[in-house]
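Hi everyone, thanks for coming. Let me put the structure up so we can walk through it together.

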Amino acid sequence: MNRIDCFIPDPGSAAMLGREIEVRSVFEVDFASLRSTAAIRRIASLTDAEFTLISTKASSLRLVAFALERMLQVADDTGADLLYADHFAVSDGKESQVPVIDCQKGSLRDDFDFGSLLLYRTAALRRAVSRMTESYQYAGLYDLRLKVQAEGRVEHVPEYLYYEVETDLRKSGEKLFDYVDPKNRAVQIEMEQACTAHLKAIGGYLAPRFKDVDLTEGEFEYEASVVIPCRNRVKTIGDAIRSALSQETDFRYNVIVVDDNSTDGTVEVIRSFLSDPRLIYIAQDPSWHAIGGNWNAAVHHPGCGRFALQLDSDDTYSDAHTVQRFVDAFREQGCAMVVGTYQMTDFEGHPLPPGVIDHREWTEDNGRNNALRVNGLGAPRGFWTPLLRRLNFPTTKYGEDYAVGLRISREYRIGRIYEVMYNCRRWEGNSDAALPVEKVNANNLYKDRIRTWELEARIALNRSELA
């Protein structure tokens with residue numbers, strides 16, 4: 001009994017928790033400053049119980065019967081230093097299940113969804129706070145979690161233990177770009193600093209040293225290929241192909257469209273462009289390919305150019321000079337991959353918030369470390385084909401570009417273009433427009449697995465260099 005001190009932003013929830021038999025004391029905290037290092041240090045100074053419960057949302061919550069007892073039971077059985085659980089979301093009076101995912105070594109996203117209740121073993125919390133040498137305004141809670149994660153055990157309790165009022169009612173596709181919204185730049189700078197310090201502490205940080213690439217390697221009929229993988233995109237594939245074929249360059253390029261067994265008339269649209277000799281049409285067999293497999297088919301085609309440039313079947317290039325800018329960037333920056341800048345638009349090309357996405361979080365000095373924290377490397381992407389033929393994309397329909405980008409960044413320089421090159425069109429047919437929570441979880445679990453594998457490879461690489 002009385003094993004938990006609680007720190008809660010919501011007064012109503014604080015009163016509810018005060019009636020729980022396992023709660024020793026309840027402290028109301030200022031939600032606006034909860035993410036700061038100062039707030040975390042104050043919590044560490046006030047808590048005196050065996051465990052410390054922190055609620056990270058200002059919304060009201062209520063517990064399932066014996067929820068705290070269950071979390072303590074799991075903590076006692078496993079020795080965990082941080083526990084979190086599945087929960088219910090309450091929106092407009094309706095309740096829905098919100099399962100969350102396991103926290104892995106590579107679960108480094110600062111927006112990893114733990115739910116709103118975090119139960120820390122107080123001794124572990126205090127040890128972590130004693131190592132918090134930087135003072136953050138926004139990254140304090142993230143810094144705390146990383147420090148506990150680095151030395152302790154984080155345990156997901158896959159049981160629905162509480163209800164919380166859902167405050168972010170946007171669809172999944174509308175949340176994707178929060179981390180690159182310009183208004184969040186100050187937050188992102190702090191998150192990068194905290195993550196980089198964590199990587200250094202666990203041996204996963206990579207200094208800005210890169211292998212050189214010989215961009216003249218191999219014989220290529222074409223200098224560049226625009227690669228458009230597609231499946232059932234009859235409404236958009238024509239726009240994408242027209243955009244690709246309208247490029248103006250001082251070198252030979254072609255367009256490779258890989259159709260993965262479309263059934264909606266997409267093939268007929270593709271065939272209508274075959275009078276242009278620059279178009280290569282690849283029809284996949286009925287086996288499993290996904291986006292990664294479609295990319296591999298294009299890259300290994302003998303007609304693929306020296307540089308393979310991405311264009312999704314939903315989207316268009318911003319003007320007739322995108323392919324030229326890609327190749328110029330490869331030559332000028334001597335890199336194995338180039339990431340450009342895109343504009344969020346509606347289907348007709350009108351700008352949408354947050355507008356221009358330039359991924360300023362990618363820097364030559366620290367980009368490949370920060371890439372383990374963010375959920376993508378940006379778009380449009382271009383790849384040096386000889387290297388891509390050696391690495392290949394994973395045969396998946398989500399995260400395939402992120403996986404190969406992380407792998408490239410482990411050893412090679414990734415170049416950047418900060419001019420808008422690409423229109424990323426948001427519409428109801430986007431594959432990520434409105435995903436159920438189970439699909440979002442599956443996607444995030446896979447990307448965390450990719451990060452875990454990459455982080456382990458980087459730690460091993462650093463060890464081998466020290467040996």
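I'll talk about one helix pair and then one pocket.

Quick housekeeping: this is a predicted model, where local features need pLDDT of at least 70, side-chain atom pairs count only at pLDDT 80 or more, and totals for chains, interfaces and linings use all residues. Residues are numbered from 1 along each chain as its sequence is written, and side-chain values use heavy atoms, leaving out hydrogens and water.

So, the helices, which are DSSP runs of H or I with at least four residues, numbered from the N terminus. Helix α4 (residues 122-130) and helix α5 (residues 140-151) have axes, meaning lines fitted to C-alpha atoms over the stretch in contact, that come within 9 Å. They cross at roughly 110 degrees, on a scale from 0 to 180 degrees between N-to-C directions. That makes α4 roughly perpendicular to α5, the word for 65 to 115 degrees.

Who touches whom? On α4, Ala124, Leu125, Ala128 and Val129 make the contact (heavy atoms within 4.5 Å) with Leu144, Lys147 and Val148 of α5. By class, that's six nonpolar residues, no polar ones and one charged. Here Ala, Val, Leu, Ile, Met, Phe, Trp, Tyr, Cys and Pro count as nonpolar, Asp, Glu, Lys and Arg as charged, and the others, Gly among them, as polar.

Now the other topic. Which elements give two or more residues to the lining of the second largest pocket? They're α14 (400-411) and α15 (437-466). The largest share, three residues, comes from α15. Sorted by class, the lining has five nonpolar, one polar and six charged residues.

Definitions and conventions:
Angles under 35 degrees count as roughly parallel, over 145 as roughly antiparallel, 65 to 115 as roughly perpendicular and the rest as oblique.
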